[in-house]
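Student: I would like to go through how the ligand is held in this model. Can we take the contacts one step at a time?

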Amino acid sequence: MNPNLPTPDTSGLDIEGRYALARRLAQQAAQQGVKYYAQRGSLVVDTKEGDRQNVVSVADRELEDFIRGELKAAFPEDGFLGEESGSASLNARCVWVIDPIDGTACFVNGLHTWCVSVGLMIDGEPYLGAIADPNHDELFHGCLGRGAFVNDTPLQVSDAGHVREGLMGVGTFYQQGKEHFLPFLAGLLEQGGVFYRNGSGALMTAYVAAGRLIGYYETRLKSWDCLAGLVLVREAGGLRNDFFRGEGLLEGNSYLVACPGVYRQLEELIGPSLNAI
Ligand code: IPD
Ligand code: CA
Ligand code: CA
């Protein structure tokens, strides 16, 4: 648990411009995604590393190229990390971390839970972000010190004090870490909890900030799935584990976000694997 997260000194940086850009690009990319989604039957779907569950389409690549190009034009000095096209200038103070479509498996199978996630990290800390969900007309966004919102409505995490008091988001995907999933679920159910998965780590993170879920645990998540959402969780009063430990930014880590009233209980249910390298 990390109640004392750093807040970077951003004097001299154009935060307003970057925040507006993040919101605009997430929205515009999501609208482009909607056009592909309407024609998803004719999209060519590839698999990553031969894994039939890990899919990608031309939509993912084109949306990322669009976002990356716009960021480069507006803030050429900033670094970049994207799921589809890799990284550049990771030593910069400002590094954009984006997932052009989070929930690709949902997208290609006609399920409405996918989104575009655009996050900005400053001095290693998630600083601002925007997550656009065009199927539900929701733009989640936030910036350190300014709060977190869905459209114009402020976000606040749940006031639950026990896992039996709400819905818990869960997920497991990568080979590494999946052995921790069923023991966690068993413990959660034993304590009266219930679980939810919608196939988008970015949306489930936003739902924690919005108080719709009391928490969200994924045995292993990548930074582009959650960086924008982590800003929302922090601004909405939630807690996170030490996700960026080790090679977390590039390789991912186990992941927990939750409202303060259940964080400790969830941490105990997951056990030491939560913060193991
Ligand atoms: C995936 C989603 C999913 C999570 C996976 C992610 P993608 O992202 O966030 O919910 O379980 O770990 O990889 O592949 O749809 O961008
Ligand atoms: Ca993702
Ligand atoms: Ca993705």
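Student: Which residue offers a polar backbone atom to an oxygen atom of ligand 1?
Tutor: The model is predicted. A pair of N or O atoms counts as a polar contact within 3.5 Å. An oxygen atom of ligand 1 lies 2.8 Å from such a backbone atom, and the residue is Thr 104.

Student: How much of the area that ligand 1 exposes when taken alone does the protein bury?
Tutor: Taken alone, ligand 1 exposes 380 Å². Of that area, the protein buries 96%.

Student: Which strand gives the most to the shell around ligand 1?
Tutor: The shell around ligand 1 has 15 residues. Two elements give two or more residues to it, strand 13 (215–221) and strand 5 (94–102). With three residues, the one that gives the most is strand 5.

Student: How many residues of the shell are charged?
Tutor: Side chains of Glu 83, at 3.2 Å, and Asp 102, at 2.8 Å, each place an N or O atom by an oxygen atom of ligand 1. In the whole shell, four residues are nonpolar and five polar, and the charged ones number six.

Student: Where does ligand 1 lie with respect to the domains?
Tutor: Ligand 1 sits in the largest pocket. Both domains give residues to its shell, so ligand 1 lies between domain 1 (15–154) and domain 2 (163–275).

How values were computed:
Residues numbered from 1 in each chain as written. Chains lettered and ligands numbered in written order. Predicted model: local features only at pLDDT ≥ 70, side-chain atom pairs only at ≥ 80, totals over all residues. Heavy atoms only, no water. Near = heavy atom within 4 Å. Polar contact = N/O pair within 3.5 Å; in protein donor to acceptor, adjacent residues only side chain to side chain. Areas by Shrake-Rupley, 256 points an atom, 1.4 Å probe, with all protein chains shown as cover. 1 Å grid on protein atoms, 1.4 Å probe; cavity = no way out; pocket = protein on both sides within 12 Å on 5 of 7 lines; lining within 4 Å. Sits in = over half its atoms within 2 Å of the grid points. Helix = DSSP H or I, 4+ residues; strand = E, 2+ residues; numbered from the N terminus. Nonpolar A, V, L, I, M, F, W, Y, C, P; charged D, E, K, R; others polar. Domains from an automatic or database assignment.
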